[in-house]
Amino acid sequence: PAGTYWYSPEHDTYLVHDAHWDTGLLDSEGDFIVEPRFFSVYWAIDAIPWQGPYFENRSTADLFMVRDEHSGFGLMTFEGEEIIPAVFEEIGVVSENGMVPVCSAGKYGYIDINS
């Protein structure tokens, strides 16, 4: 990868970018968990609060938020599983019960990350 942004000791994971500034996740062995393809990646606010950007996750799920420059925001696990595809204009706080407010085409609704 072209560069490393941040390291999460909790996940032993690096946030990295390629030469085109697309962002992904790298494990401590140097293998990609998520290939660099996102405009931005956001840690949960309590993961490394001194290093932004971040989002708020009140659930017990271990997630990070991604932003595709052209399509929108989504949520993924640190194993690289897409929980919510990166197609939403907005993603709100992930609640304790796993409900996530989202906005698409100006319409608001909820997605349950537990189903």
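**Entry 1: β8 and β9**

I began with F73 and looked up its bridge partner in β9, which turned out to be F88. This is a predicted model, and I read every entry below with that in mind. The two strands, β8 and β9, pair in the antiparallel sense, and I found three bridges recorded between them. β8 covers 72–77 and β9 covers 82–88, and the hairpin they form has four residues between the strands. Within that hairpin I checked the backbone and noted that G80 takes a positive phi near 90°.

**Entry 2: E79 in the loop**

I stayed with this hairpin and asked where E79 lies, and the answer is the loop between β8 and β9. Is E79 buried or exposed? Its relative accessible area is 67%, and since the cut-off for exposed is over 50%, E79 counts as exposed. I then looked for a position distant in sequence to compare with E79, and took L63, which is 16 residues apart from E79 along the chain; their C-alpha atoms are separated by 9.3 Å.

**Entry 3: a patch of negative charge**

Next I wanted to know which residues gather with E79 on the surface, and I found E10, D62 and E81 together with E79 in a patch of negative charge. A residue must have over 30% relative accessible area to enter such a patch, and the 67% of E79 satisfies that condition.

**Entry 4: the salt bridge**

I turned to charged pairs, keeping in mind that side chains of opposite charge can pair when their charged atoms come close. How many salt bridges are there in the model? The count comes to one. It joins the side chains of R58 and E56, with 2.8 Å from N to O, which falls inside the 4 Å limit used for a salt bridge. I also looked up how far each partner is covered: R58 is partly exposed at a relative accessible area of 46%, and E56 also counts as partly exposed, at 30%.

**Entry 5: the sheet of β10, β11 and β12**

I moved on to the strands that follow, where an open sheet of three strands runs in the order β10-β11-β12 with antiparallel pairing. The edges are held by β10 (90–91) and β12 (107–112), and because each has a single partner strand, one side of each is left without a neighbour in the sheet.

I then went through the pairings one at a time. β10 pairs with β11, residues 99–104, in the antiparallel sense over two bridges, and the partner of E90 in β11 is C103. β11 and β12 pair in the antiparallel sense over six bridges, and here I noted that V102 stands opposite G109 in β12. The hairpin of β11 and β12 has two residues between the strands, and A105 in this hairpin takes a positive phi near 55°.

For β12 I also checked burial: of its six residues the number buried is zero, so β12 lies largely in the open.

**Entry 6: the whole chain**

I closed with the overall account. What does the secondary structure come to? I found zero helices and 12 strands, so that, with strands and helices taken as DSSP runs, the elements from the N terminus on read as β throughout. Of the 115 residues of the protein, 42% count as buried, the cut-off for buried being under 20% relative accessible area.

How values were computed:
Residues are numbered from 1 along each chain as its sequence is written. This is a predicted model: local features need pLDDT of at least 70, side-chain atom pairs count only at pLDDT 80 or more; totals for chains, interfaces and linings use all residues. Side-chain values use heavy atoms; hydrogens and water are left out. Patches are made of residues with over 30% relative accessible area and no salt bridge: like charges are joined within 9 Å, nonpolar side chains (Val, Leu, Ile, Met, Phe, Trp, Tyr) within 5 Å. Accessible areas come from the Shrake-Rupley method with a 1.4 Å probe; for residues, only the protein chains shown count as cover. Lys and Arg count as positive and Asp and Glu as negative; His and the chain ends are not counted. The place of a charge is taken as NZ of Lys, CZ of Arg, CG of Asp or CD of Glu. Buried means under 20% relative accessible area, exposed over 50%, partly exposed in between (1.4 Å probe, protein chains only). Two strands pair if DSSP finds at least two bridges between them.
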